[in-house]
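Here's a quick tour of a two-chain model, with the sequence and coordinates to hand. Have a look first, then read on.

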Amino acid sequence: MAFLKREYKAIGAFAMIVAILLAIGLKERGWHYSIFTAISYLVGAACSLTAGYVGLSISTRANTRTAQAATKGFNQAMSVAFPGGAVMGLTVVGLGLFAFSLVFLILGYLTPGSTVEKMGEAAGIIAGFSMGASSVALFARVGGGIYTKAADVGADLVGKVEAGIPEDDPRNPATIADNVGDNVGDVAGMGADLYESYIGSILSGVIIASLTLGTPELKIKGVILSFLLYAIGIIASILGVFFVRTGEKANPGRALNNGTVSSAVIYSIGSFVLVLVMFGWDLSYFFASFSGIVAGMVIGFTAYYYTSGKSVENLAKASTTGSATTIIYGFALSCKSTVLPLVVIGIAILISYKFGGFFGIALSAIGMLATTGMVVAVDAYGPIADNSGGIAEMAHMGKDIRKITDSLDAAGNTTAAIAKGFAIGSAALTALALFLSYTQVMNLSAIDIMSAGGYKIVAGVFIGAIIPYFFAGVTMMAVGRAAFNVVEEVRRQFREIKGLMEGTARAEYARCVDITTAGALKEMIVPGIAAVAIPIVLGCLLGPEALAGVLLGALATGVPLAIQMANAGGAWDNAKKWIEEGNLGGKGSDTHKAAVVGDTVGDPFKDTSAPSMNILLKLMTVVSLVFGPMILFIHKWLASLF
Amino acid sequence: MEWIGVASLTGIVALVFVFFTAKKVMRQDPGTPEMVAI
């Protein structure tokens, strides 16, 4: 919680500056528009911060309670770990939908005119809410990602490699920072990431419905449909929680998958009935939404396929010939893992457009994200199970307890891979839906590269294509720098605290948490500012058409890059774990050493750069959407000078 | 606009569910003071 408090202070200061910029930058649209956009921005950010705080405070309390419940049996431990995750999942969607619809209603009542005019104006202003969610997500993901990996590398490099003590050993000064990092990354980070996608996709549904649908009646129905689909998704997620049940010998992974699949099935039935009631037997919008659910499932399970089973065993076999072949095979595997998700996203776009035009694409994103409550619940369960194992180890609770927490943790690793795939897939569809909203708001009805100004769009695509690579480079180097300080501190404690290695003295855990926190906060400044400034600067200099090219270019390279890095990291990690189970020579063998190299390379890939990419793509698009009027104004002014 | 209010209420239902789930977690035994300290 110490990390979260310091991170929140930094985000609070950043959010206030951006809110003032919004209020001033959008004043061309009138003070009513600019002030309310700034307020929406602050409310969106505050809700994301609140969801992160609630989720993290419960999950950190659930860790120790799960370890204690494991003394009574497996089922008791599971019945604490999963509800702990469910708190995060349902806070994200509950707070998200409640606050977003309330702000939308208030804005509607404050705006004069017909219902359609009210909705159109409110949709433009509430884009600020989505940008607030994106700002928090950026810091949660980038800052959290740097924190978690800096602590992990510090704990492993000095503790496991140099001192030769096991994982989660209480003698390791960085072990608490490492456990905190799991929560910061997978609970607060993933929650903020999917909260951002959740809000972004309903925003795009509302904007595209109110701008592109034909008649006023259809526009109103389209906006209402977007909200009610999410309402059904929340009910489906709550019901899905009750499907996560285990007996003493049950498989926890299967129980978690039961919950995910049940939520998707309940949502599908509910959305079918809703569309039937609203539009009669014209089920086009149902099929558009359904394409998103199917795409989300396929992308999630593709990530699982490439980071488990045969894929991982083959990667482990590549480690028998050294670290170079480990890296080559893992890289090749991750390249291949991008194919199916991208094809599925392409098919979802084609199907949803066929059934509902641009609005169909937004509905596809809404369909994918409707059961976010359950997805985040399952993902947040992972670090709770993992940390309960760490606590059991540190508190010397015995092998039987550790066996129970290990089996809970194994299920968490699998579901984490699925959730990461899902997060990237949903980010891609949300960013695309937000991009379409941007083109509609900016009146870019046709982006034609053969037109007179087409060269600007092509230039924009090339510039945009390199942004994800730049961002990946910046975040990975940040992990290296932050980890260096942790490594130095752990070495110092081993050197200076007498009796630490013998277990008679206590490590200064808080010092490591402090150093990691300070490092992560310092390192997230550059990527944070870059993600907001890049689209504004490029848009002002090159114009809104070129900015559309920039966003498309970033989307086209960012999505496969994120999938590749997440799956490469996951596969290297699991290959190492498979060897540690005693395969191919087990722990300490040359094969294991080669696998450890792969895992070390993959750590910042999967836990820092890949998750940050999700946020970058959405944030750049929503910044372009919100600052669109200002970008247009400044670009015209600059063009008049030359 | 009333239907958007219904969506907002569903959000509240989720938050009520969160409240009771969190209470259920917090009712559990947190373990020894050593475990809590970790």
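## A helix on the inside

Helix H18(A) has 32 of its 37 residues buried, so the rest of the structure largely encloses it. Buried here means 20 or more other C-beta atoms within 10 Å of a residue's own, exposed means 12 or fewer, and partly exposed is in between, with C-beta atoms placed from the backbone. Helices (H or I, at least four residues) and strands (E, at least two) are DSSP runs, numbered from the N terminus.

Everything below comes from a predicted model, where local features need pLDDT of at least 70, side-chain atom pairs count only at pLDDT 80 or more, and totals for chains, interfaces and linings use all residues. Residues are numbered from 1 along each chain as its sequence is written, while chains are lettered from A and ligands numbered from 1 in the order in which they are written.

Back to H18(A), which covers residues 544-580: its end C-alpha atoms sit 53 Å apart, in agreement with the 54 Å expected at 1.5 Å a residue. That expected span is 1.5 Å times one less than the number of residues. After the helix comes Gly582(A), with a positive phi near 115 degrees.

Two residues other than glycine in chain A also have positive phi, and here they are side by side.

| Residue | Phi | Loop | Other C-beta atoms within 10 Å |
|---|---|---|---|
| Asn443(A) | about 60 degrees | between H14 and H15 (454-496) | 10, exposed |
| Leu584(A) | near 50 degrees | between H18 and H19 (590-626) | 19, partly exposed |

## Chain A as a whole

Chain A has 20 helices and 0 strands. Its radius of gyration is 24 Å, which agrees with the value near 26 Å for a compact globule of 642 residues. That radius is taken over C-alpha atoms, and the globule rule is 2.2 Å times the number of residues to the power 0.38. Along the principal axes, the C-alpha atoms fill a box of roughly 75 × 55 × 45 Å. Buried residues account for 64% of the chain.

Contacts (C-beta atoms, placed from the backbone, within 7 Å) tell a long-range story. Counting pairs at least 6 apart in sequence, 84% of the contacts in chain A join residues at least 24 apart.

What about the nonpolar core, a set of buried Ala, Val, Leu, Ile, Met, Phe, Trp, Tyr and Cys residues joined through C-beta atoms within 7 Å? The largest one has 248 residues, and those touching the most other members include Ala81(A), Ala150(A) and Leu551(A). Helix H14 (residues 399-441) of chain A supplies the largest share of this core, 22 residues. Setting aside neighbours within four places in sequence, the contacts of Ala150(A) include Val479(A), Ala483(A), Thr516(A) and Gly519(A).

On confidence, pLDDT (the predictor's confidence in each residue, from 0 to 100) averages 90 over chain A, and 98% of its residues reach 70 or more. Within chain A, H14(A) is lowest at a mean of 85, and H11(A) (residues 323-336) is highest at 97.

## Chain B and where it touches

Chain B has 2 helices and 0 strands, and 39% of its 38 residues are buried. The contact between the chains takes 28 residues from chain B and 38 residues from chain A. On the chain B side, H1 (2-27) and H2 (33-37) each supply at least two residues, with H1(B) giving the most, 18 residues. By class, that side has 17 nonpolar, 8 polar and 3 charged residues. Ala, Val, Leu, Ile, Met, Phe, Trp, Tyr, Cys and Pro count as nonpolar, Asp, Glu, Lys and Arg as charged, and the others, Gly among them, as polar.

Definitions and conventions: Two residues are in contact if their C-beta atoms, placed from the backbone, lie within 7 Å. A nonpolar core is a set of buried Ala, Val, Leu, Ile, Met, Phe, Trp, Tyr and Cys residues joined through C-beta atoms within 7 Å.
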